[in-house]
Structure formats: structure tokens, C-alpha cells
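User: I'm new to reading protein models and would love a close look at a single part of this one. Could you walk me through one helix and how the rest of the chain relates to it?

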Amino acid sequence: MAARTAGARLDERWRGILSVHARTMCEIDRVLHPHGLGASDFEVLDLLVTEGPEDGAQCRVQNLVGRVHLSQSALSRLIARLEKDGLVERSMCAEDRRGVYVALTRRGRDLHSQVLPLQRAALARMLGDDEGALP
């Protein structure tokens with residue numbers, strides 16, 4: 001019976017984590033929507049800023065796949081939409097024709113800077129300032 005109780009506690013904790021994640025993603029979507037972004041859009045822009053803080057820095061799309069919670073095809077569609085909106089530029093990798101690089105444009109970098117405080121405030125509201133806020 002003790003193993004079942006431990007399993008039930010794990011299930012409850014897991015469901016709590018999923019619930020916090022879903023509520024937090026919805027809140028980030030809500031605050032970023034007026035700026036034409038969603039939570040996943042912001043996550044990609046934020047990773048690109050982190051990967052290449054200087055203007056013109058490129059990142060292989062493959063390096064983003066494991067860091068965002070999207071399938072490779074969903075990430076490719078998201079990057080195509082960001083490119084259409086003028087926020088990123090894609091280019092082929094000269095060494096590996098299958099590889100694709102992505103880089104923030106000035107517009108993408110400016111938009112990221114503009115909405116970063118909104119995203120951080122949403123995280124603070126939803127997660128609290130201490131790490132103990134998670135279930």
C-alpha cells in the first residue's frame with residue numbers, strides 16, 4: 001500500500017507541474033498577444049538572444065530543437081512565421097546543405113527587448129520569486 005501512496009503522490013505532483021506549466025503558458029500568451037507573439041515565439045526569440053547576443057549571430061535550427069518544447073516540424077513552421085514577420089532571417093549552412101541557420105533581425109531583437117519585461121513579470125506572477133513555488 002505504501003508504494004501506491006508514493007505513486008499517487010508522484011502522480012499528484014506531476015499533474016501539479018503540468019497545471020502550473022499550462023497556466024503559465026496561457027498567461028505569457030495573454031500578455032504577449034498584443035505584440036503579435038505567443039509564448040513559443042518568445043521562447044525562440046529569447047534563445048536566439050541567448051545564443052547570439054551580438055547582432056548578426058546565427059544559430060543552427062537543430063540546436064534549438066532540443067531546447068523548445070516543439071517538434072522539429074512545428075519549430076520550422078514557427079521560424080517561418082517569425083521570418084515572414086521580419087523578426088528572424090534563415091540561411092543555409094554552407095558545410096551541411098541540410099542545416100539551416102537562423103538569426104534575429106534588428107526588428108526581432110528590438111521586439112524581444114520590448115516584451116522581455118512583460119514575459120518576466122508573467123513568470124514572476126505565475127511562479128513566484130522563489131523556486132519553492134513549484135509543486
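Analyst: Let's start with the buried residues of H5, which are Gly108, Arg109, Leu111, His112, Val115, Gln119 and Ala122. Keep in mind that this is a predicted model.

Now follow the helix along its length. H5 has 22 residues and reaches 31 Å from its first C-alpha to its last, close to the 32 Å expected at 1.5 Å a residue. Still, H5 bends by about 40° at Val115, a residue that is also on the buried list. A proline, Pro117, follows within four residues of that bend. Just after H5, Gly128 takes a positive phi of about 80°.

How does H5 fit with its surroundings? Helix H5 (106-127) supplies at least two residues of the largest nonpolar core, and so does each of helix H1 (2-32), helix H2 (39-51), helix H3 (61-65), helix H4 (72-84) and strand S3 (100-104). That core has 27 residues, and among those touching the most other members are Leu37, Val44 and Leu82. In soluble globular proteins, nonpolar side chains tend to be buried together.

H2 gives the most to this core, with 7 residues. Look at Val44: leaving aside residues up to four places away in sequence, Val44 touches Leu64, Val68, Leu75, Leu78 and Leu82.

For a contrast in residue type, find Asp41 in helix H2. Asp41 counts as buried because its relative accessibility is 7%, and the cut-off for buried is under 20%. With residues up to four places away in sequence again left out, Asp41 touches Gly36, Leu78, Arg81 and Leu82.

Key
Residues numbered from 1 in each chain as written. Predicted model: local features only at pLDDT ≥ 70, side-chain atom pairs only at ≥ 80, totals over all residues. Heavy atoms only, no water. Core = buried A, V, L, I, M, F, W, Y, C linked by side-chain atoms within 4.5 Å. Buried < 20%, exposed > 50% of the residue type's maximum accessible area, 1.4 Å probe, protein only. Contact = heavy atoms within 4.5 Å. Expected span 1.5 Å × (residues − 1). Bend = angle between axes of the 7 residues up to and from the residue.
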